[in-house]
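Please open the structure in the viewer and keep the sequence panel visible. The tour proceeds by selection, from one helix to a surface patch and then to the whole chain.

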Amino acid sequence: MATKRFFDDFVDPDSNQPNYKRLRKTPSFASVIKEVVMVNFLDNFCSALEPMLRKVVHEEVESGLRRCSRSIGRSPSLRIKALEPSNLRLIFNKKLSLPIFTNSKMMDSDGQYPLQLLLVDATGDCLVPTTLASPIKIEIVVLDGDFPSGENWTHEEFNKNIVKERAGKRPLVTGELNITMRDGVASLGDLEFTDNSSWIRSRRFRIGAKVVHIGNGQNSIRIMEAMTDSFMVKDHRGELYKKHYPPALGDDVWRLEKIGKDGTFHKKLTSHGIKTVQDFLKLANIDPHKIRRILGNGMSEKMWEVTYRHAKTCEMGAKSYIARGPNYILILNPICQVIRAIINGQICHSRELRGIQRSYIENLVRNAFTNWSSLEEVDGGLQVNEPAALLTQGERGVHHQNAYPRSALLTAAAGSIECGDWIVNQAHICLPIESSSEEELHYL
């Protein structure tokens, strides 16, 4: 009634008269624009408000579910029995072979076999291999490289740090991810990463192994999970540029540390005919000053030591090379080191050589290096019956161009060779310290 009275108060009394004409008001342009703007504003506001409301509702529902689950957990009748603690744990028998590339099989540190898992008892200070009467089902997973922060972790923490593939990508690891352990040993199958590790914060992965089932109702036993050391996974295309450990004599010289493929050092070396690790070592043994000049000042002393040390780890193999002349025979190894020298039919002992004799043999070695392609190659090595007669160059640490201390250059040869005292360099052959006393010269 109040509403009706309020309306009647605003009625024009003349409107009931016969001659009254009700005028229809036409809306103005401004009012139309205002109405359109208001409608658009309400539409945009509702569109922006909807996801916010959804998020709030979602969070509230999750919070309610958590509270519900905690109340269930506190209820003795509904509580799930916890795993019984034990000293059993899984371990990998060896470390992974590094580096690891996508689409390449993961092998152990020997580079020949897949990793193996062992079940051990960690009671005391030692890990003792053990077994269970029932087979154990194990799942292989990928873990974040930053996990764990300590030596121990819970089953929940382990699962929380499992890394899955990126959205739209293939499974992060392919291969046999579920294996069975019997008698305390299980071998991993062929596992390959399909994606690199650059996209996670730590930029590193670990391979983990966890127990998912134990036969004969023993699932209540807690067996500690295994994990490898953290490592980076690089794209497969990077494998084409990786270094070799150890390098082979026939490897391209850029396989050595500090020498990049198609880089400055690589181009300088190849322009002087140094294309392989063998070429590099031959020149480093015969004329270290020259190879340092070729590399230039861009290669620091520290870089050179790293490169040379890496090159020296290569396997020499069983080949020998023979240089013959009218009155001499030199037997050299693949990097132009003297194994045996025979002058005028007699084996030369380095201790008996002085001055002119050493210069003479040094010139023969340098000449053999220059004419390396014409040397006689012998496969299978040589039978050595008189070790005392061997003349070798010994392992030498090459130093700065202006400093080659004798004490650093004179080292004994490894293996069955006794007299490791032949060291050829640019200007002279260094004498062994023990034979540097004044003696009468014996000329050839």
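Begin by selecting helix α4, residues 264–271, where Phe265, His266 and Leu269 are buried. Buried means under 20% relative accessible area, exposed over 50%, and partly exposed in between (1.4 Å probe, protein chains only). Helices (H or I, at least four residues) and strands (E, at least two) are DSSP runs, numbered from the N terminus. These three buried residues lie on the same side of α4, because they cover an arc of only 100° around the axis; the arc is that of the directions from the helix axis to the C-beta atoms.

The model is predicted: local features need pLDDT of at least 70, side-chain atom pairs count only at pLDDT 80 or more, and totals for chains, interfaces and linings use all residues. Residues are numbered from 1 along each chain as its sequence is written, and side-chain values use heavy atoms, without hydrogens and water.

Now turn to the other side of α4, where Thr264, Lys267 and Ser271 are exposed. What covers the buried residues of α4? Select α5 (277–286), α6 (288–295) and α7 (301–312), which are included in that cover. Gly273, which follows α4, has a positive phi, near 80°.

Next, select helix α2, residues 29–74, and find Leu42 within α2. Leu42 is partly exposed, with a relative accessible area of 44%.

Finally, display the whole protein chain, which has nine helices and 17 strands. Of its 444 residues, 36% are buried.

Notes
Contact = heavy atoms within 4.5 Å.
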